[in-house]
Amino acid sequence: MSKTIAINAGSSSLKWQLYKMPEEEVLAAGIIERIGLKDSISTVKFDGKKEEEVRDIVDHVEAVKILLSNLTSFGIIESFDEITGVGHRVVAGGEIFKESTLIDDRVLAQIEELSALAPLHNPANAAGIRAFKEILPDTTSVAVFDTAFHATMPEVAYRYPVPNRFYTDYQVRKYGAHGTSHYYVSREAAKLLGKPLEDLKLITAHIGNGVSLSAIDGGKSIDTSMGFTPLAGPMMGTRSGDIDPAIIPYLVETVDGLDTAADVISVLNKESGVLGVTENSSDMRDLSAGVEAGDEKSILAHDMYVDRLKKFIGQYFAVLNGADALIFTAGVGENDIDTRRRIVEELSWFGMKLDPEKNVFGYAGDISTADSSVKVLVIPTDEELVIARDVERLKK
C-alpha cells in the first residue's frame with residue numbers, strides 16, 4: 001500500500017499529513033512546534049485519537065525522527081518502506097521553478113540560494129528536506145512551490161516600474177505566494193459553480209495570519225498581492241503589507257535600535273500588521289474580542305484590515321474586468337464571519353449579496369443569495385492534498 005507524506009516546515013515547526021495514495025485517504029496528521037526551543041510539542045492525530053508529547057527537540061532532523069518513530073509506535077505504519085513519497089512545501093521558487101520538481105542535490109542547493117526571496121521560509125523548507133533525505137534517502141522527494149501557480153502572470157503584472165537592470169540582472173519582480181492554496185480553491189470553485197474552469201474569472205482571498213489575493217482567469221493566475229517577498233499586499237497578522245518604501249530609510253535614520261534596512265524589515269514582518277496596531281495580539285480571535293469590548297486600537301486595526309482587503313479585491317475586479325465569484329479561504333477567510341460580511345457589504349456596488357443564514361461559522365460553499373451577480377464562496381483550502389497529488393504524479 002503506497003503512502004505519501006506532505007510536509008510544511010517552518011523555522012521552528014513542522015506540519016505534516018500522511019495519505020494513502022492514490023485513494024487520497026488521510027491516515028494521520030500532526031505538527032511539531034517549538035523546534036530548537038525548550039518544551040517542544042509533538043502532536044499526532046489518527047483514528048479519532050490525539051497523542052501529544054512535550055520534550056526538547058533540537059532541530060528538524062530530530063523532529064523528523066520523532067515524526068517517523070510516532071508513525072510506527074502508534075501503529076499507523078508498520079515500516080518506513082510503506083512511505084513511497086515525501087512532498088515538501090517550498091515558499092520561493094523564483095524564476096527557476098515554475099512547477100513542482102523532483103528533489104536532487106542541485107535542486108536543494110537552488111532552494112537554499114533562493115532564501116533571499118523568502119528568508120523566513122526557504123531555509124526551514126530546506127532543513128526539512130535535508131532531514132527526510134537523511135532518514136529516507138531512497139524515497140521519492142518532491143518540492144511543491146508556493147510561487148509556481150503564479151508563473152502564468154503576464155509581464156505587465158509581475159514587473160516593477162524600476163530600472164530594467166534590476167529585473168534582468170537581479171530578478172527583482174513579483175513572485176507571489178500561497179500558490180497551492182489559490183490553485184486548489186479555484187479548481188474547487190469551478191466544481192461548486194458547475195462551470196468549466198476555463199470559462200471563469202475568480203478572485204481568491206487566502207486570509208490567514210499571512211494574506212494574499214489572486215486574480216484568476218481561466219484557471220491561470222494573472223495577478224497576485226504578495227510580491228518579491230511575502231511581505232507585500234494587504235495588512236496581515238504580523239506583516240505590514242504594502243507601505244511607502246521611503247519609510248524604511250527614514251526609520252533607520254530616526255529610530256534608535258533600527259540601524260539597518262534588515263532591522264526595519266524584521267519589524268515589518270514580525271511586529272506589524274494587526275499586532276502592531278493593537279499592540280496586543282496578531283490573532284483574529286483576540287482582535288474580534290477587542291472590537292466587541294470597544295477597544296479603540298482593536299476597532300482601528302479591524303477597520304484597517306478590512307479596508308486593505310477591499311482595496312485589493314476592488315483592484316482585481318478591475319484587472320479581470322469583472323468576476324464570477326469571490327472565494328474566501330484559510331483560517332480567517334473560512335471562519336471570520338464579520339470580516340467576510342463587512343468586505344461583501346462594503347463592496348456591494350459589484351453586486352455581491354450575502355445570505356445571512358449561510359454566512360455562519362462552519363458553513364462551506366456558496367454563501368451568497370440567489371440574486372447575487374457575483375457569487376461569494378467559502379472553500380476550505382487543502383494545500384497538503386495538492387502536495388500529495390504532485391508527489392503521486394512525479395513518482396518514478
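**His 150**

I started with His 150, which sits in the loop between strand E8 (140–145) and helix H4 (155–158). Helices (H or I, at least four residues) and strands (E, at least two) are DSSP runs, numbered from the N terminus. This is a predicted model, where local features need pLDDT of at least 70 and side-chain atom pairs count only at pLDDT 80 or more, while totals for chains, interfaces and linings use all residues. Residues are numbered from 1 along each chain as its sequence is written, and side-chain values use heavy atoms, with hydrogens and water left out.

Buried or exposed? I get 0% relative accessibility for His 150, so it counts as buried. My cut-offs: buried is under 20% relative accessible area, exposed is over 50%, and partly exposed is in between (1.4 Å probe, protein chains only).

Then I listed what His 150 touches, not counting residues up to four places away in sequence: Tyr 175, Gly 176, Ala 177, Gly 179, His 182, Ser 214, Ser 221 and Thr 224. Contact here means heavy atoms within 4.5 Å.

**The sheet with E9 to E14**

Ser 214 sent me to strand E10 (residues 211–217), which is mostly covered, with 6 of its 7 residues buried. I traced the sheet next: 6 strands, open, in the order E11-E10-E9-E12-E14-E13, with mixed pairing. Strand E11 (220–224) and strand E13 (365–366) stand at the edges with a single partner strand each, so one side of each is left without a neighbour in the sheet. I call two strands paired if DSSP finds at least two bridges between them.

A reminder to myself: strands of a sheet pair through backbone hydrogen bonds, either parallel or antiparallel.

Going through the pairs, I found 7 bridges joining E9 to E10, which run antiparallel. A hairpin links E9 to E10 through 3 residues. E10 also pairs with E11 in the antiparallel sense, over 4 bridges. That pair forms a hairpin too, with 2 residues between the strands, and Gly 218 in the turn has a positive phi of about 65°. Within this pair, Ala 215 stands opposite Asp 223 in E11.

Which strand runs parallel to strand E9 (residues 201–207)? Strand E12 (residues 325–329) does, joined to E9 by 5 bridges. I used Ala 205 as a marker: it stands opposite Leu 213 in E10 and opposite Phe 328 in E12.

**The sheet with E1 to E8**

I moved on to an open sheet of 8 strands in the order E5-E4-E3-E2-E1-E6-E8-E7, again with mixed pairing. E5 and strand E7 (101–102) are at the edges, each with a single partner strand, so one side of each has no neighbour in the sheet. Strand E1 (residues 2–9) and strand E2 (residues 13–21) pair in the antiparallel sense over 8 bridges. I noted that the bridge partner of Ile 7 in E2 is Trp 16.

Helix H1 (residues 60–73) lies across E1, E2, strand E3 (25–33), strand E4 (40–46), E5 and strand E6 (83–90), running at about 35° to E2. Axes are lines fitted to C-alpha atoms, for helices over the stretch in contact, and angles run from 0 to 180 degrees between N-to-C directions.

On edge strand E5 (residues 49–55) I picked Arg 55. At 35% relative accessibility, Arg 55 counts as partly exposed. Leaving aside neighbours within four places in sequence, Arg 55 is in contact with Asp 39, Ser 40, Glu 62 and Ile 66. Its C-alpha atom is separated by 6.5 Å from that of Ile 41, which is 14 residues apart along the chain.

**Two helix pairs**

I finished on helix packing. Helix H7 (residues 247–254) and helix H8 (residues 261–270) pack at an angle of about 110°, with their axes 9 Å apart. H7 and H8 are therefore roughly perpendicular to each other. My angle classes: under 35 degrees is roughly parallel, over 145 roughly antiparallel, 65 to 115 roughly perpendicular, and the rest oblique.

Ile 248, Leu 251 and Val 252 in H7 meet Ala 261, Val 264, Ile 265 and Leu 268 in H8. By class, that contact has 7 nonpolar, no polar and no charged residues. Ala, Val, Leu, Ile, Met, Phe, Trp, Tyr, Cys and Pro count as nonpolar, Asp, Glu, Lys and Arg as charged, and the others, Gly among them, as polar.

Helix H11 (residues 296–320) and helix H13 (residues 337–345) pack at an angle of about 50°, with their axes 10 Å apart. H11 and H13 are therefore oblique to each other. The residues of their contact divide into 5 nonpolar, 2 polar and 4 charged.
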